[in-house]
Amino acid sequence: MGREKKNFGRCALCLEYKTLRDSHIIPELWYAGLYNEDGYMNEVSVDVSKHPKRVRKGYHEYLLCQECEAIIQKYEDEAKRLRDGTGLFSQDVADNLAVIGGLDYSRFKLFQLSVLWRMGVSANPLFAAVSLGSDEEVLRQWVLHGNPGEVGDYGCAIGCHTYKGLHAKNWMIPPDRQPLIMPRSGREGWRYITIFGASAGSSGL
Amino acid sequence: MTDDEVDEEMKMLLLQKDGSFLTTVEDIMAKEGVRVALRQIRENLATQKEQKKNK
Ligand SMILES: [Zn+2]
């Protein structure tokens with residue numbers, strides 16, 4: 001009973017008071033390659049006062065109810081297709097430049113936006129760089145109701161990293177926020193960059 | 001940013017409605033920031049090890 005009480009709270013996505021799941025901020029799927037044979041990964045910092053930490057189950061907190069976890073799971077299943085290359089095609093267009101196709105726009109963009117939104121609502125200092133302001137509520141509604149917006153609405157880009165010629169899968173870098181200025185129109189916004197599972201994803205504008 | 005605020009050239013780099021995207025493949029060591037961070041982390045680990053030894 002005590003345990004249930006601790007898990008009871010307001011779901012960050014549907015805003016209803018329910019039993020909350022211990023939700024991952026970055027989906028557990030993407031941690032797979034990070035754990036060593038003893039089942040943990042190392043968290044290291046550029047800050048000398050922070051000692052290396054062993055992390056066993058990714059980064060998670062009581063955030064979403066079961067129904068909302070199921071909504072996000074649909075988006076994550078699409079991301080799994082990208083990770084596994086299921087039903088996708090890839091075409092090199094130049095050195096270090098390729099077109100990847102075959103994803104479902106709506107589900108994959110909502111995956112990216114859901115990671116950005118989760119980082120925004122997370123209490124973990126690791127994701128503190130993501131500060132969405134009034135966009136947080138817009139993204140909550142979009143993720144909840146399955147609205148991916150137009151291509152440029154919180155547009156998302158994806159890059160791929162290699163290390164010594166191989167996909168650099170076994171690392172993760174917390175999000176970073178940078179100012180973004182459109183070269184032509186001069187419009188200003190923010191760019192968020194986060195790196196996990198060999199892809200730099202979720203560059204919400 | 002909203003769709004009409006994004007330059008057309010920039011839009012090409014984003015996830016498209018047909019489910020495709022243009023991706024750059026980049027060696028992580030080509031990034032200055034990553035090189036600096038890795039060096040810093042290595043130095044920190046050595047310093048922390050030294051501190052532990054001296055305790
Ligand atoms: Zn909910």
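In this predicted model, A:Asn96 counts as exposed, because its relative accessibility of 52% lies over the 50% that the term requires. A:Asn96 sits in the loop between strand S6 (89-94) and strand S7 (97-101) of chain A, and its backbone has a positive phi of about 60° although the residue is not a glycine. A:Leu15 can be read alongside it, since phi of A:Leu15 is near 70°, again a positive value in a residue other than glycine. A:Leu15 is placed in the loop between S1 and S2 of chain A, and with a relative accessibility of 30% A:Leu15 counts as partly exposed.

The loop between S1 and S2 also leads to the zinc ion, for A:Cys11 lies in the loop between strand S1 (8-10) and strand S2 (17-24) of chain A. The protein donors of the zinc ion are the SG atoms of A:Cys11, A:Cys14, A:Cys65 and A:Cys68, which lie 2.3 Å from it. Along the chain these donors follow the spacing C-x2-C-x50-C-x2-C, and A:Cys11 and A:Cys68 form a pair that links distant parts of the chain, being 57 residues apart, with A:Cys68 in helix H2 of chain A. The angles among the four donor atoms run from 104 to 116°, and the site of the zinc ion is tetrahedral. For comparison, the ideal angle for four tetrahedral donors at a metal is 109.5 degrees. A:Cys11 has a relative accessibility of 0% and therefore counts as buried, and A:Cys68, at 2%, counts as buried as well.

From A:Cys68 the path continues along helix H2 of chain A, which spans residues 66-84 and meets helix H4 (residues 135-145) of chain A. Two packed helices are described by the angle between their axes and the distance between the axes. Here the axes come within 9 Å and cross at roughly 80°, and H2(A) and H4(A) are therefore roughly perpendicular to each other. On the side of H2(A) the contact is made by A:Cys68, A:Ile71, A:Ile72 and A:Tyr75, while H4(A) contributes A:Trp142, A:Val143 and A:Leu144. The residues of this contact between H2(A) and H4(A) divide into seven nonpolar, no polar and no charged. A:Cys68 thus appears both among the zinc donors and in the contact of H2(A) with H4(A).

Helix H3 of chain A can be followed through two of its residues. One of them, A:Ser114, is found in helix H3 of chain A and is buried, with a relative accessible area of 0%. Not counting residues up to four places away in sequence, A:Ser114 touches A:Ile72, A:Tyr75 and A:Val143, and these three residues are also among those that make the contact between H2(A) and H4(A). The other, A:Arg107, likewise has its place in helix H3, which covers residues 105-121 of chain A, but A:Arg107 is partly exposed, with a relative accessible area of 36%. Leaving out residues up to four places away in sequence, A:Arg107 touches A:Lys74, A:Tyr75 and A:Glu78, so that A:Tyr75 is named here as it was for A:Ser114. The C-alpha atoms of A:Arg107 and A:Ile72 are separated by 9.3 Å, and the two residues are 35 residues apart along the chain.

The remaining places bring in chain B. A:Glu188 lies in strand S11 (residues 188-196) of chain A, and at 65% relative accessibility A:Glu188 counts as exposed. With its neighbours within four places in sequence left aside, A:Glu188 is in contact with A:Leu180 and A:Ile181 of chain A and with B:Met1 of chain B. Within chain B, B:Ala37 lies in helix H2, which covers residues 32-54 of that chain. B:Ala37 is partly exposed, with a relative accessible area of 24%, and its C-alpha atom is separated by 27 Å from that of B:Leu13, a residue 24 residues apart from B:Ala37 along the chain.

Conventions: Residues are numbered from 1 along each chain as its sequence is written. Chains are lettered from A and ligands numbered from 1 in the order in which they are written. This is a predicted model: local features need pLDDT of at least 70, side-chain atom pairs count only at pLDDT 80 or more; totals for chains, interfaces and linings use all residues. Side-chain values use heavy atoms; hydrogens and water are left out. Helices (H or I, at least four residues) and strands (E, at least two) are DSSP runs, numbered from the N terminus. Buried means under 20% relative accessible area, exposed over 50%, partly exposed in between (1.4 Å probe, protein chains only). Contact means heavy atoms within 4.5 Å. Axes are lines fitted to C-alpha atoms, for helices over the stretch in contact, and angles run from 0 to 180 degrees between N-to-C directions. Angles under 35 degrees count as roughly parallel, over 145 as roughly antiparallel, 65 to 115 as roughly perpendicular and the rest as oblique. Ala, Val, Leu, Ile, Met, Phe, Trp, Tyr, Cys and Pro count as nonpolar, Asp, Glu, Lys and Arg as charged, and the others, Gly among them, as polar. Donors are N, O and S atoms within 2.8 Å of the metal (3.2 Å for Na, K and Ca); water is not among the atoms, so sites may look incomplete. Four donors count as tetrahedral if all angles lie between 85 and 135 degrees; four count as square planar and six as octahedral if opposite donors are over 155 degrees apart and all others between 65 and 115; anything else is irregular.
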